[in-house]
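Please consider the sequence and the three-dimensional structure shown below. The paragraphs that follow lead through the chain step by step.

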Amino acid sequence: MSAELLASRPPESESTLVLTLSNPGARNALHPDMYAAGIQALETAERDTSIRAIVLTGADDFFCAGGNLNRLLENRAKDPSVQAQSIDLLAQWILALRTSSKPVIAAVAGAAAGAGFSLALACDLIVAADDAKFVMSYARVGLTPDGGGSWFLAQALPRALATEILLEAKPVSAERLHALGIVNRLVKTAQLRDAALAWADEIGRGSPNAQARVKALVASAGARSLADHLEVERDDFVASLHHADALEGITAFLEKRPARYR
């Protein structure tokens with residue numbers, strides 16, 4: 001069976017799209033076909049108002065082993081542009097995950113290695129099995145990160161810790177990353193899928209307009225001064241106040257009922 005990204009709408013979920021990394025026998029190692037499918041799935045989700053949240057996970061209780069080293073060895077015999085194009089396609093998928101207006105939750109069991117770790121970091125939130133491992137294994141095989149792994153870690157952690165994870169290239173436990181604030185929730189492996197779907201459904205009941213704006217505010221906060229960010233917050237607040245979601249949300253709160261966003 002080939003490497004593929006499976007897209008599904010599970011019957012037990014209200015409004016969540018599940019994207020599953022699948023590469024049987026290779027611990028869900030990545031392939032450019034997955035990148036292209038991921039980009040397409042996110043573009044489709046962006047247009048589908050019935051999708052309120054996205055869960056990215058791996059098949060067979062294993063998130064992702066990262067790049068396929070045998071394929072990388074084969075690419076050494078080809079023009080360097082071949083590998084560059086593959087990494088560019090991965091980067092497009094990473095950006096699509098990061099800029100999606102829908103909340104994206106990574107559900108990680110087993111391990112997230114290399115670009116698999118980068119994919120998890122690109123998501124907005126991470127739910128992990130309490131025995132899961134995360135590793136940026138590039139330096140161990142003479143390579144350097146791709147998929148934004150070094151950028152995400154440098155943004156999320158003190159420089160010394162990010163450097164340690166990248167240089168040592170050793171597995172880091174989900175428990176440690178939870179303590180560092182990178183992993184949001186820890187659950188048992190058997191509960192991972194249900195926990196991720198339940199959280200996605202809960203978040204998906206929120207205001208799509210507000211959630212998209214919150215994601216954009218958080219993503220751009222580090223690139224602005226406080227004064228500039230305050231202006232953007234002002235503009236977003238005013239636009240949100242005059243959006244239909246605010247009318248529904250405020251009215252529902254005053255009427256002591258759940259909000260029903262369209």
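With which residue does Lys215 form a salt bridge? The partner is Asp124, and the closest N and O atoms of the two residues are 2.8 Å apart. The model examined here is a predicted one. Side chains of opposite charge can pair when their charged atoms come close. A search of the whole structure finds 9 salt bridges. In the pair just named, Lys215 belongs to helix H9, which covers residues 208-220, while Asp124 sits in the loop between H4 and strand S6 (125-129), so the pair ties together parts that are 91 residues apart in sequence.

To place this pair, the division of the chain into domains is helpful. The domain assignment of the protein chain gives domain 1 as 4-205 and domain 2 as 208-255. To the contact between them, domain 1 contributes 10 residues and domain 2 contributes 4 residues. The C-alpha centres of the two domains lie 27 Å apart. Together, domain 1 and domain 2 bury about 480 Å² between them, and 50% of this area is on carbon and sulfur atoms. The interface also has polar features: 4 residue pairs are in polar contact, counting those with both residues at pLDDT 80 or more, and the rule finds 1 salt bridge across the interface.

The strands may be considered next, beginning with an open sheet of 6 strands. Its order is S1-S2-S3-S4-S6-S9, and its pairing is mixed. Strand S1 (4-8) and strand S9 (185-187) each have a single partner strand and stand at the edges, so one side of each is left without a neighbour in the sheet. On average, and with direction ignored, neighbouring strands of this sheet are turned by 20° against each other. At one edge, S1 runs antiparallel to strand S2 (residues 16-22), and 5 bridges join the two. Within this pairing, Leu6 stands opposite Thr20 in S2. Helix H1, made of residues 32-47, packs on the sheet and touches S1, S2 and strand S3 (53-58). The direction of helix H1 makes about 180° with that of S2.

There is also an open sheet of 3 strands, again with mixed pairing, in the order S5-S7-S8. Here strand S5 (111-113) and strand S8 (172-173) stand at the edges with a single partner strand each, so one side of each is left without a neighbour in the sheet. S5 pairs with strand S7 (residues 133-135) in the parallel sense, over 3 bridges. Ala113 stands opposite Val135 in S7. Helix H4, residues 115-122, packs on this sheet, where H4 touches S5 and S7. The direction of H4 makes about 105° with that of S5.

The path thus returns to its starting point, for the loop between H4 and strand S6 holds Asp124, the residue with which Lys215 forms a salt bridge.

Key. Residues are numbered from 1 along each chain as its sequence is written. This is a predicted model: local features need pLDDT of at least 70, side-chain atom pairs count only at pLDDT 80 or more; totals for chains, interfaces and linings use all residues. Side-chain values use heavy atoms; hydrogens and water are left out. Two strands pair if DSSP finds at least two bridges between them. Helices (H or I, at least four residues) and strands (E, at least two) are DSSP runs, numbered from the N terminus. Contact means heavy atoms within 4.5 Å. Axes are lines fitted to C-alpha atoms, for helices over the stretch in contact, and angles run from 0 to 180 degrees between N-to-C directions. Domain bounds come from an automatic or database domain assignment. Buried area is the accessible area (1.4 Å probe) that two parts lose on being put together, summed over both. A salt bridge is a side-chain nitrogen of Lys or Arg within 4 Å of a carboxyl oxygen of Asp or Glu. A polar contact is a pair of N or O atoms within 3.5 Å; within protein, one must be able to donate a hydrogen and the other to accept it, and residues adjacent in sequence count only if both atoms are side-chain atoms.
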